[in-house]
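Trainee: I should like to learn how to read a structure such as this one. Could we work through its features one at a time?

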Amino acid sequence: MLMPGPDTRVVELRVHGVQGTTPQSLVDAVAAVDVAGDGLGRVVRPADRLRRPAPGPVLQANGRPVSRVVEGYVWGRMTSGGWAKATWALLFPFSLANVAHWMLPPTPSGSVPAHLLGACLRALLRLAALLLTVLLVAQLAVISLDLVASQCLAPGSPCLGGPSWPAEVPWVRSVSGMTPIALLLLVLHRVSSVDWRIERKAVPASSDGASGLPGAHVATDPDTPALRVLHLVAGLGTAVVLALGGPRGPLLAPGAHGVALTAAWVLGVALVGCAALAAMLLDDPTGGAPHRGGRWLRAALGRRPRRVLLTGAWVLFLVSTALLTRLPARLPGADLAVQLVAALVALVCLLIGLLLAPAALLARRTWRDQPRALRPWAGGWMAAPVVAIAALLGGGFGAGVALALRRALGHGELPRGYDHLALLWGVAGVLALVAGIAMAATTGAVRWSSLRRGEEWAREAALLHAGRARDLRRAARAWWWARWEQRHSHHVVLVAAGVLVAGAVPATVLRLRGIDPPAWARPLTGVGVVVLAVLAIALLRAVYLAARRPDNARQLGVLADLAAFWPREAHPVVPPCYALKVVPELVARVREHLADPGTRVVLAGHSQGSLLAAVAAARLLEELPPADAARLGLLTAGSQLQWAYPRAFPAVVPHSSLAALAGGLAGRWRALCRGTDPLGGAVTTWDRQVFDGMLLGTGFLPDGTTGALPPASRGPTGALVLGGDHWLPDPQHGPFPGRRWAAGVNRHADYTSDPEWDRAVAIAAGLEGVTTAAPPPGPVLPVARRGPVVATGFEAGPRGGSPVREPGPAEPRTGSGPAGRAEDATPGA
């Protein structure tokens with residue numbers, strides 16, 4: 001800790017989360033004004049009445065005032081607003097497949113089997129992603145070519161009044177059926193080509209993630225342009241094959257016309273096969289080493305060869321459209337094509353699930369020494385259910401649109417496979433209802449059981465709200481629910497995947513045997529039709545609302561923001577990774593401030609912004625000289641950097657990388673957390689317990705190692721500081737003079753309103769230290785209970801122990817009953 005000099009100032013650079021934060025709320029001001037940025041990445045400051053940048057509130061450090069500048073980095077426009085960004089929601093299955101790549105378990109160094117399994121898994125994920133693109137094109141071909149062009153526009157059809165002129169004029173029906181496919185592929189090309197213009201110097205990832213810091217692998221993918229072309233070529237080839245006869249063979253025609261149809265069909269099949277093979281052989285771009293396999297393919301897919309390949313695919317598409325002088329009454333091969341693609345997707349997902357098991361076992365040695373609550377979800381196997389959900393959602397959305405359109409047209413037949421798909425979603429819908437009821441009943445039973453047993457208050461909540469019985473009751477309820485949500489959030493994903501896979505089993509068995517859904521299954525098929533229609537309509541409505549009223553459709557934006565953090569690795573047709581723009585610009589802004597030797601910079605991130613701030617801080621530690629790095633601090637609030645990201649993405653944000661970051665910052669990483677927050681939790685501590693009225697735990701030490709921490713100290717505003725974590729009382733203590741007041745239980749919102757925020761900023765800036773004195777002893781008074789005790793589900797000592805006691809107004813809370821560990825007593829544990 002250094003004493004602030006007369007020229008010392010602190011720049012607090014805030015980064016918001018995914019809930020549509022406005023510039024004004026980000027900097028805690030009535031008005032805000034831009035001071036840097038390009039409109040997408042905006043750096044804002046509080047403004048006065050003349051819209052001029054205003055100074056921030058003075059920061060108190062050890063009783064001395066220090067000048068402070070409050071800035072905010074606003075990145076919300078990168079993921080929300082307008083029709084172009086809203087349509088990304090239609091590609092959400094693609095985003096899930098891309099996210100699954102980043103959920104793969106880490107590859108231990110020196111293990112040849114682990115490296116081989118990792119390469120196979122990455123190849124299979126790229127193949128699954130390409131098959132999702134092929135499935136989308138095939139389903140659109142069923143709608144536009146088969147249902148509309150072949151059947152609805154056929155002569156004598158009752159659909160749309162049965163117009164006869166499309167059947168009499170050559171190429172009208174074929175052009176009508178092929179045009180939507182061409183438009184879709186153009187949209188996919190446009191979406192996948194969107195990228196950010198970074199005004200600042202780009203900060204590359206460390207080679208092979210050797211730095212060991214969070215986000216070391218997050219970098220621009222050099223294979224994205226090649227992967228984009230392969231997906232477009234596969235889509236064009238799929239459209240050609242379907243239009244010219246389907247998987248069984250080309251359409252028959254006399255003379256040269258038949259030869260041309262056969263040649264175009266063969267070329268279409270070759271395009272799909274070559275694209276799939278090339279996508280699998282593309283080397284993992286995170287290594288980027290020139291000696292690795294796949295360099296010949298990367299050279300063959302350079303800029304000029306890619307243009308030639310894509311131009312040739314478009315020419316083949318146009319020639320195939322011209323060869324379709326007249327469409328038959330039904331598109332041959334449509335049923336087989338959709339089922340074949342769906343079967344390939346299912347097979348690839350099964351292989352991914354099987355290979356993930358040994359890969360996760362081999363990677364287990366990287367986390368087996370960690371506490372159980374910090375280990376990856378599902379033992380590092382979470383990528384399998386995520387890619388399965390992506391595949392089933394992709395197939396379900398296309399089928400839902402087709403079924404809804406057929407009902408709207410009042411005419412037409414769909415492939416037989418759609419009946420089995422409706423059965424799949426019907427069974428899944430019933431199972432989802434049963435699972436939802438079972439989960440609700442289980443939650444209610446656990447909650448009621450804890451109430452009936454009269455369990456004691458959560459010990460941490462009792463320490464935070466000593467002498468405030470009303471606040472303690474409200475906080476304890478919120479602590480219980482926050483802990484429950486965090487402990488079981490990944491179980492929802494596993495249950496959803498299990499429900500969908502269970503629904504696919506009877507549908508797959510019936511389809512393989514060539515049996516139509518029996519009469520007893522018709523109600524389930526009807527339920528499936530309703531579920532698919534609701535799925536399609538709800539998603540389209542969400543897209544419409546997100547485009548017309550972005551501020552009122554944040555549920556869709558939250559999912560898009562979370563998925564768009566990750567670079568394009570498995571699927572190129574996803575929103576561009578905003579981290580590749582935000583992190584370099586944050587780094588450049590911090591470097592500008594640190595150019596002044598009297599300036600200290602604190603990166604402050606809330607929720608998803610905490611991940612961006614942590615990655616930016618890690619990049620700065622890699623670049624800055626030690627003297628400048630000593631003037632950098634990190635503040636996270638409501639962060640998922642312990643309970644979610646290391647467990648869902650163990651190869652990108654491993655627990656060891658957080659320890660390395662904590663060691664690099666040498667105690668200047670502060671984390672604000674609330675036990676009532678279901679989305680955020682502890683970051684630098686774990687294994688917390690209350691013993692003899694003191695909060696103890698294990699966590700990161702200033703040198704980057706882990707070990708037992710001194711007892712938590714109580715801050716002047718009631719917060720408990722254990723290691724780098726500041727546990728805030730929620731509801732807040734106060735009100736305090738000169739401070740904004742936020743009443744009630746705030747949970748995940750409004751961390752800046754707590755007076756502990758300023759103290760954490762001062763500590764992160766290196767201007768103030770943390771005292772670790774144990775709380776003084778004092779007499780213990782019995783609790784005056786009113787009504788039933790609110791149980792929280794936390795272990796609070798043996799049964800039959802002495803009841804929870806309230807200390808005097810100036811005395812600390814002590815533990816009740818025999819001293820013992822309150823395991824998992826906080827949501828982040």
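Trainee: Is lysine 581 buried or exposed?

Mentor: Burial is judged by relative accessible area: buried means under 20%, exposed over 50%, and partly exposed in between, with a 1.4 Å probe and protein chains only. Lysine 581 has a relative accessible area of 0%, so it is buried. Please note that this is a predicted model, in which local features need pLDDT of at least 70, side-chain atom pairs count only at pLDDT 80 or more, and totals for chains, interfaces and linings use all residues. Residues are numbered from 1 along each chain as its sequence is written, and side-chain values use heavy atoms, leaving out hydrogens and water.

Trainee: With which residue does the side chain of lysine 581 meet in a salt bridge?

Mentor: A salt bridge is a side-chain nitrogen of Lys or Arg within 4 Å of a carboxyl oxygen of Asp or Glu. The partner of lysine 581 is aspartate 38, at 2.6 Å from N to O. To place the two, recall that helices (H or I, at least four residues) and strands (E, at least two) are DSSP runs, numbered from the N terminus. Aspartate 38 is in the loop between strand E2 (32–37) and strand E3 (42–46), whereas lysine 581 is in helix H18, so the bridge ties together parts that are 543 residues apart in sequence. Aspartate 38 is partly exposed, its relative accessible area being 32%.

Trainee: How many salt bridges does the structure hold?

Mentor: There are 18 salt bridges. One of them joins arginine 42 to aspartate 34, with the closest N and O atoms 2.9 Å apart. Here arginine 42 counts as buried at 15% relative accessibility, while aspartate 34 is partly exposed at 37%. Helix H18 takes part again through arginine 591, whose side chain meets that of glutamate 623 at 3.1 Å, N to O. That pair links distant parts of the chain, since glutamate 623 is in helix H19 (residues 608–623) and arginine 591 is 32 residues away in helix H18. Salt bridges may also join into a network, as they do for Glu12, Arg14, Asp28, Arg68, Arg740, Asp750 and Asp758.

Trainee: How many aromatic pairs are there?

Mentor: Rings of Phe, Tyr and Trp (its six-membered ring) pair if their centres lie within 6.5 Å; planes under 30 degrees apart count as stacked, over 60 as edge-to-face and the rest as tilted. The structure holds 12 such pairs. Tryptophan 480 and tryptophan 484 make a stacked one, 5.3 Å from centre to centre and with 5° between the planes. Both lie in helix H15 (residues 469–512), four residues apart, which is about one turn of the helix. An α-helix has 3.6 residues a turn, so residues three or four places apart point the same way. Both tryptophan 480 and tryptophan 484 are buried.

By contrast in type, tryptophan 566 and phenylalanine 649 have ring centres 4.3 Å apart and planes at 40°, so this pair is tilted. It connects two loops 83 residues apart: tryptophan 566 lies between helix H17 (554–563) and helix H18 (579–594), and phenylalanine 649 between helix H21 (645–648) and helix H22 (655–665). Tryptophan 566 is buried at 2% relative accessibility, and phenylalanine 649 is buried at 7%. These two belong to a cluster linked by ring pairs, together with Trp75, Trp102, Phe565, Tyr578 and Tyr645.

Trainee: How far does helix H4 reach from its first C-alpha to its last?

Mentor: The expected span is 1.5 Å times one less than the number of residues. Helix H4 (residues 112–152) has 41 residues and reaches 57 Å, close to the 60 Å expected. Of its 41 residues 33 are buried, so H4 is largely enclosed by the rest of the structure.

Trainee: Which residues have unusual backbone geometry?

Mentor: Most residues other than glycine have a negative phi, and most peptide bonds are trans. Alanine 378, not a glycine, has a positive phi of about 55°; it lies in the loop between helix H11 (334–363) and helix H12 (383–409). Alanine 666 likewise has a positive phi, of about 50°, and is in the loop between H22 and strand E8 (669–673). The peptide bond from aspartate 730 to proline 731 is cis, with omega near 10°.
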